[in-house]
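Please find below my notes on the model you sent. They take the ligand site, then the metal, then two places elsewhere in the chain.

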Amino acid sequence: MSKKLVSDLMVDYLERRDVKYVFGLCGHTVIGLLDALSRNDKVKYISNRHEAVASTAADGYARLTHKASVVLCHLGPGLTNVLTGVANAAFDSIPMVVIAGDVPSYYFGRHPHQEVNMHGDATQYKMLEPVVKRAWRVDDVEALPDIMDKAFRLAESGRPGPVLIDMPMDMFSREMEDYLWDRTYKDSHMTMRPALDPAAAKAIAKKLVEAKSPVLHAGGGILLSQASEELAALAEFLDIPVSRTLMGQGCLSDRHPLMIGQTGFWGLEFTHSLTTKADVILGLGTRFAEADSSSWYRGVTFDPDYTTFLQIDIDPLEIGRNYPVEIGAIGDLKIGLAQILEEVKKICPEGKKNPELRAMIAEAKAAFKESRTDIANDSRFPMTPQRILKDVREVIPEDAVIFTDVGWNKNGVAQQYDITIPGTIHHSSGLATMGFGASAVLGGKMAAPDKICLTLTGDGGFGVNPTCLATAVEQNIACTWVVMNNSAFGTIAGLENANYHTKFGTVFHTPDGESYTPRWADVAKAYGVESICVNSAEEFKPALEKAMEANRAGRPFLVEAPMENIVVPTPGCWNINDIFSPNDLVKEGKLVKDEHGRFVAPSHAKSHNAK
Ligand SMILES: Cc1ncc(C[n+]2csc(CCOP(=O)(O)OP(=O)(O)O)c2C)c(N)n1
Ligand SMILES: [Mg+2]
């Protein structure tokens, strides 16, 4: 029996769990744990200049490792700052364990320094409750071993997400018998994933085989459970087209002959022509979210009056959330899709072939590519976003890992940039957080040091937290930032202009109306990061090649590309347009009113027998 400092026991625990990095920002409440980390050479501390950079980098790291990343933060302003990255992880189902220092337990009730106590004493950890699966305040160090095991297990199992361990700061410097941590040596670090109920697999297989025009609608859940091969096998065996959500991008190559692309606001008419006419849609790890479902306007992306929905998710809360389901089943998709294929083979051993469908998909994709060729080759300056994406595609390796942000980079990439390898694109979807990409790429590169890792971000997004540059320099993280600079919160400028014909509050300018932007390439240099701001479209590819060279030699790089503000095509619908400009979508012919006075797709108002 021997006594050890709790902070050392915690770090030992992290090492046993094979935690390689702790992403954090210091404060007086956590220096006890920092001291313990300084004495461990297996768990590396990654110091950041803003807690949102720490939590977002940790998010990016966990997206690649599929294991909980660890964040360390201070109380009060540390907690308020860390929240955005934690929330982002929560809404994209990313596992994370946040350790926060808190006020000393013997000062509970006295409102000590930096405590947020508007609604209770020693309750500031509750600020994170809406965005974590569980928050523990550690009032007794003897509970800590149990809490640590439970925290990691909860973060990583079921639907992954963040959890919080809130440590009154005096707990770090208590002493504790190390035998009290015995359970943590016995408790496995793995939670086996659940298969589907065999009856559900059988019923779903039957529905798919009997359907005339089925669609598999794939969400982020496919990538979280690493079920791409199983998805491809099922789709190919029955020749069923696969549509996808934003988070599903890469689950099946965008060039796969059965992939029909993203649905929703940014979805293409061709994609919707199949999803609205599907007699059966099997939703896989998706909640049929608003953006992917054109605000659920009937008949635009999906037609719940015509289609029978089936749905598989790991989270029972998501089953039937937005559309009524005939079969809803809980289970892991990697296991579940294999079970379904096995059942399919029993009733349809030959499989099905649909060459007409494949030809139609190939033709529609080629036509869409063709329609963008001119703008993607245009050498005007500021550059077109399409040209930037085309050049990026030509320079970076196929297996490079891309983090997007919000704005053209995300919406345009999801619509127009072919991702061919699962796990090589990472979007912020549930929270759609401006500033995600620039920091998440740090963690991505740490998880995949041998890969090229870059972010495509707007200037608004990059400007949220340029301190990510300091982290890259201090921690030697060789990633690339591509800043697509249109001197504006361009996406919102586009929406405001479409609805109100103004851009007030959305474009960057000086008091006398001159367009304004910080020169982000110069900012990068000031932080010690090499950079280029291009002066013509022709300079962009060589600049990006330089960035790749620097990354391969172990150095970060920033490329700034002045960009024209062009809106991403939006063939689908989003009800903000209907809220701000009622009837405009009717005038444009996108919506009509049905017999109940509800907006629906024009085709939906007609008889369903036509389908
Ligand atoms: C933290 C946060 N604040 C506000 C928004 C709303 N929003 C969505 S897109 C956008 C503009 C993004 O600008 P930029 O990064 O420059 O990309 P662009 O639209 O110009 O391509 C904003 C402000 C958001 N998503 N996240
Ligand atoms: Mg912008």
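1. A nitrogen atom of ligand 1 lies 3.1 Å from a backbone N or O atom of Met-434. Two oxygen contacts can be listed beside this one: a polar side-chain atom of Asp-459 is 2.8 Å from an oxygen atom of ligand 1, and a backbone N or O atom of Ala-488 is 2.9 Å from an oxygen atom of ligand 1. The protein buries 75% of the 590 Å² that ligand 1 exposes when taken alone (accessible areas by the Shrake-Rupley method with a 1.4 Å probe; for residues, only the protein chains shown count as cover).

2. On provenance: this is a predicted model, in which local features need pLDDT of at least 70 and side-chain atom pairs count only at pLDDT 80 or more, while totals for chains, interfaces and linings use all residues. Residues are numbered from 1 along each chain as its sequence is written, chains are lettered from A and ligands numbered from 1 in the order in which they are written, and side-chain values use heavy atoms, with hydrogens and water left out.

3. The shell around ligand 1 holds 15 residues, of which Ala-432, Gly-460, Gly-461, Gly-490 and Thr-491 come nearest (near: a heavy atom within 4 Å). Helices α16 (459-464) and α18 (490-500) each supply at least two residues of this shell (helices are DSSP runs of H or I, at least four residues; strands are runs of E, at least two; both are numbered from the N terminus).

4. Which residues coordinate the magnesium ion (ligand 2)? The donors are Asp-459 (OD), Asn-486 (OD1) and Ala-488 (O), at 2.0 to 2.1 Å (donors: N, O and S atoms within 2.8 Å of the metal, or 3.2 Å for Na, K and Ca; water is not among the atoms, so sites may look incomplete). Their spacing along the chain is D-x26-N-x1-A. Asn-486 is buried at 15% relative accessible area, and Ala-488 is buried at 5% (buried: under 20%; exposed: over 50%; partly exposed: in between).

5. Helix α9 (residues 228-238) is mostly covered, with 8 of its 11 residues buried. Among the elements that its buried residues pack against are α7 (198-210), β12 (280-284) and α11 (333-347). Asp-239, just after α9, takes a positive phi of about 50 degrees.

6. Asp-166, in strand β7 (residues 162-168), is buried with a relative accessible area of 0%. Beyond its neighbours within four places in sequence, Asp-166 has contacts that include Asp-102, Tyr-125, Trp-136 and Arg-137 (contact: heavy atoms within 4.5 Å).

Technical notes. A polar contact is a pair of N or O atoms within 3.5 Å; within protein, one must be able to donate a hydrogen and the other to accept it, and residues adjacent in sequence count only if both atoms are side-chain atoms. Buried means under 20% relative accessible area, exposed over 50%, partly exposed in between (1.4 Å probe, protein chains only).
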